Amino acid sequence: MMKQTVYLDNAATSFPKPRCVIDEVARCMRSYCGNPGRSSHALAMASAQKIFECRVACASFFGSSHPENVVFCQNTTMALNTIIKGFLRDGDHVLISDMEHNAVLRPIEKLVAEGKISYDVFPTFPIDPHTCAARICTAIAHLIRENTRMLICAHMSNICSSVLPLEQIGRLCRSKGILFVVDAAQSAGHLPIHMESMHVDALCVPGHKGLLGPQGSGFFILGEGLRTDTLIEGGSGLYSLERTMPDESPERYEAGTLPTPAIAGLLEGIQSIEKIGMQRISSKVVGLNSHLQKQLERISGIEIYVPHAHGSVLLFNKCGMPSEQLGAALNKYGFCVRAGYHCTALGHSTLHTPKGGAVRVSPSFYNTPAQMDAFAERVESIR
Amino acid sequence: MREMQFMGACQSGIGGLTQAMQAQKTLADKGISSQVVRREPTESRGCAYAIQYPCAQEAHVREILHKARIRMRE
């Protein structure tokens with residue numbers, strides 16, 4: 001019998017992509033994929049127009065009035081690196097949450113090792129089911145210094161379904177003149193984000209996860225009036241005789257050719273979310289994980305981390321079995337999950353997962369309750 | 001992009017392509033047709049983008065873009 005693949009690793013990248021995304025990527029490559037911003041011929045302008053439409057869609061989706069502040073880059077990691085290294089200066093102090101991904105921790109640690117900045121980690125109390133925004137904001141307020149320039153946090157963790165109160169944290173940052181940077185790697189496409197009302201100064205987003213676009217379609221959105229240093233320099237098609245990057249956003253930050261097919265696909269992904277409805281997508285995914293959680297809780301020796309937070313990610317271990325071993329065994333039966341530390345040493349430490357990490361399940365709108373049942377049965381049967 | 005020809009066309013420099021497209025969209029939202037064009041390289045800076053629109057609409061165009069905080073370079 002042929003093994004059926006059940007993909008439950010959407011926190012890493014969404015799969016499958018909607019048909020309209022795949023079709024538009026192909027149509028772009030077949031029909032209009034000139035180099036955007038490099039010429040005024042028909043294909044270059046067609047590519048540029050498609051990219052502009054995607055900027056407008058991204059800005060609108062995330063509550064920004066400025067499509068020109070939507071900057072495309074490879075992925076969320078590149079976006080975060082640009083923001084962190086572009087804005088921070090010698091002597092600055094930074095606050096990051098205790099659930100941050102290495103995409104935040106590593107660039108910060110690098111700047112610390114170079115003697116440029118210092119940082120503190122603020123607690124978000126994910127293990128406590130009664131935690132609240134006020135408690136988190138109080139903890140942040142205690143750590144703010146005179147030289148605190150930036151606060152970075154993941155809106156939703158990539159290892160559990162814990163969500164941070166962006167609006168309250170944003171208000172606090174704005175009142176203290178601190179740049180508020182949000183890593184929306186897990187929440188984009190799952191939870192509403194409105195940059196302007198949440199006081200977000202820089203939003204870092206993957207195109208290939210919840211927004212259902214192709215890999216390589218990441219971006220960040222800068223708040224109004226913000227300008228940062230560039231991470232990379234090169235051709236932008238604009239003011240070619242000048243030896244420095246132009247001032248205009250987004251061209252200032254987008255050195256080199258943009259991946260037009262990926263961005264064209266991202267536009268379709270965003271439009272398909274709008275068509276289906278983000279609330280509907282989110283409810284379905286949360287429902288699948290809640291359903292799975294109930295099944296897993298019936299199995300002896302299963303430990304679920306942060307069981308009170310119901311969302312798109314479920315983290316668990318089976319007693320006596322290293323997570324990588326369980327993940328590999330599940331793969332043999334067609335279940336794609338991610339085991340280990342998920343590039344989030346800080347978060348695993350906060351959740352007190354054991355040596356070897358844990359198994360992460362992240363379903364999508366396209367999974368079914370029957371698949372979750374089959375998954376739970378397989379977890380139970382694997383010895 | 002569809003080619004458009006205007007009788008008595010005026011051009012205003014914008015700078016970046018994205019800003020020029022934003023200008024075009026802003027004008028379209030107000031019912032004014034315009035075209036994004038790539039400008040001849042200047043000796044000091046190189047290529048940039050402009051929008052082209054009917055000269056009869058110039059005052060209106062300037063007012064709309066000023067309100068939208070899109071900078072025109074001349």
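User: Let me start with the rule: two strands pair if DSSP finds at least two bridges between them. This model is predicted, and I'm looking at chain B. What makes β2(B) and strand β3 (residues 46–54) of chain B a pair?

Analyst: Count the bridges: six of them join β2(B) to β3(B). The rule asks for at least two, so the two strands count as paired. They run antiparallel, and B:V37 sits opposite B:A50 of β3(B). Helix α1 (residues 17–29) of chain B packs on the sheet and touches β1, β2 and β3 of chain B, its direction making about 10 degrees with that of β3(B).

User: Which strands of chain B stand at the edges, and what makes them edge strands?

Analyst: Take the order β1-β3-β2 in this open sheet of three strands, where the pairing is antiparallel. β1 (9–15) and β2 (35–42) of chain B each have a single partner strand, so one side of each has no neighbour in the sheet. From one strand to the next, the twist averages 40 degrees.

User: Now chain A. How do you know that β12(A) and strand β13 (residues 358–361) of chain A are paired?

Analyst: By the bridges again: three join β12(A) to β13(A), and the strands run antiparallel. At least two are needed, so they qualify as a pair. In this pair A:G340 stands opposite A:A358 of β13(A).

User: What is the strand order in the open sheet of four strands, and which strands are at its edges?

Analyst: The order is β9-β10-β13-β12 in chain A, with antiparallel pairing. The edges are β9 (302–305) and β12 (338–340) of chain A: each has a single partner strand, so each has one side without a neighbour in the sheet. Ignoring direction, neighbouring strands are turned by 30 degrees against each other on average. Helix α12 (residues 369–381) of chain A packs on this sheet, touching β9, β10 (314–318) and β13 of chain A, and its direction makes about 25 degrees with that of β10(A).

User: On to helices. Why is α5(A) called roughly parallel to α6(A)?

Analyst: Helix α5 (residues 133–143) and helix α6 (residues 166–176) of chain A pack at an angle of about 30 degrees, with axes 9 Å apart. Angles under 35 degrees count as roughly parallel, so that is the label for α5(A) and α6(A). The contact is made by A:A133, A:I136, A:C137, A:I140 and A:A141 of α5(A) with A:Q168, A:I169 and A:L172 of α6(A). By class, those residues come out as seven nonpolar, one polar and no charged.

User: And why are α2(A) and α8(A) called oblique?

Analyst: The axes of helix α2 (residues 42–61) and helix α8 (residues 260–276) of chain A come within 9 Å and cross at roughly 40 degrees. Roughly parallel needs an angle under 35 degrees and roughly perpendicular starts at 65, so the pair is oblique. The crossing is left-handed. Among the residues that meet are A:K50, A:C54 and A:F61 in α2(A) and A:I263, A:L267 and A:E274 in α8(A). The full contact has 11 nonpolar, two polar and three charged residues.

User: Why are α1(A) and α2(A) called roughly antiparallel, then?

Analyst: Their axes come within 10 Å and cross at roughly 155 degrees. Over 145 counts as roughly antiparallel, so α1(A) and α2(A) get that name. A:E24, A:R27, A:S31 and A:Y32 in α1(A) meet A:L43, A:A46, A:S47 and A:K50 in α2(A). That contact has three nonpolar, two polar and three charged residues.

User: What is the area buried between chain A and chain B?

Analyst: About 2,000 Å², with carbon and sulfur atoms giving 56%. A:M45, A:F52 and A:Y239 supply 31% of what chain A buries against chain B, more than any other three residues. In terms of contacts, 24 residues of chain A meet 23 of chain B.

User: Last one: what is unusual about the backbone at A:V306?

Analyst: A:V306 has a positive phi of about 50 degrees although it is not a glycine. Most residues other than glycine have a negative phi. A:V306 lies in the loop between β9 and β10 of chain A. There are cis peptide bonds too: one joins A:F15 and A:P16, with omega about 0 degrees, and another joins A:S249 and A:P250, with omega about 5 degrees.

Conventions:
Residues are numbered from 1 along each chain as its sequence is written. Chains are lettered from A and ligands numbered from 1 in the order in which they are written. This is a predicted model: local features need pLDDT of at least 70, side-chain atom pairs count only at pLDDT 80 or more; totals for chains, interfaces and linings use all residues. Side-chain values use heavy atoms; hydrogens and water are left out. Axes are lines fitted to C-alpha atoms, for helices over the stretch in contact, and angles run from 0 to 180 degrees between N-to-C directions. Angles under 35 degrees count as roughly parallel, over 145 as roughly antiparallel, 65 to 115 as roughly perpendicular and the rest as oblique. Contact means heavy atoms within 4.5 Å. Ala, Val, Leu, Ile, Met, Phe, Trp, Tyr, Cys and Pro count as nonpolar, Asp, Glu, Lys and Arg as charged, and the others, Gly among them, as polar. A crossing is left-handed if the near helix is turned anticlockwise from the far one by less than a right angle, and right-handed if clockwise. Buried area is the accessible area (1.4 Å probe) that two parts lose on being put together, summed over both.
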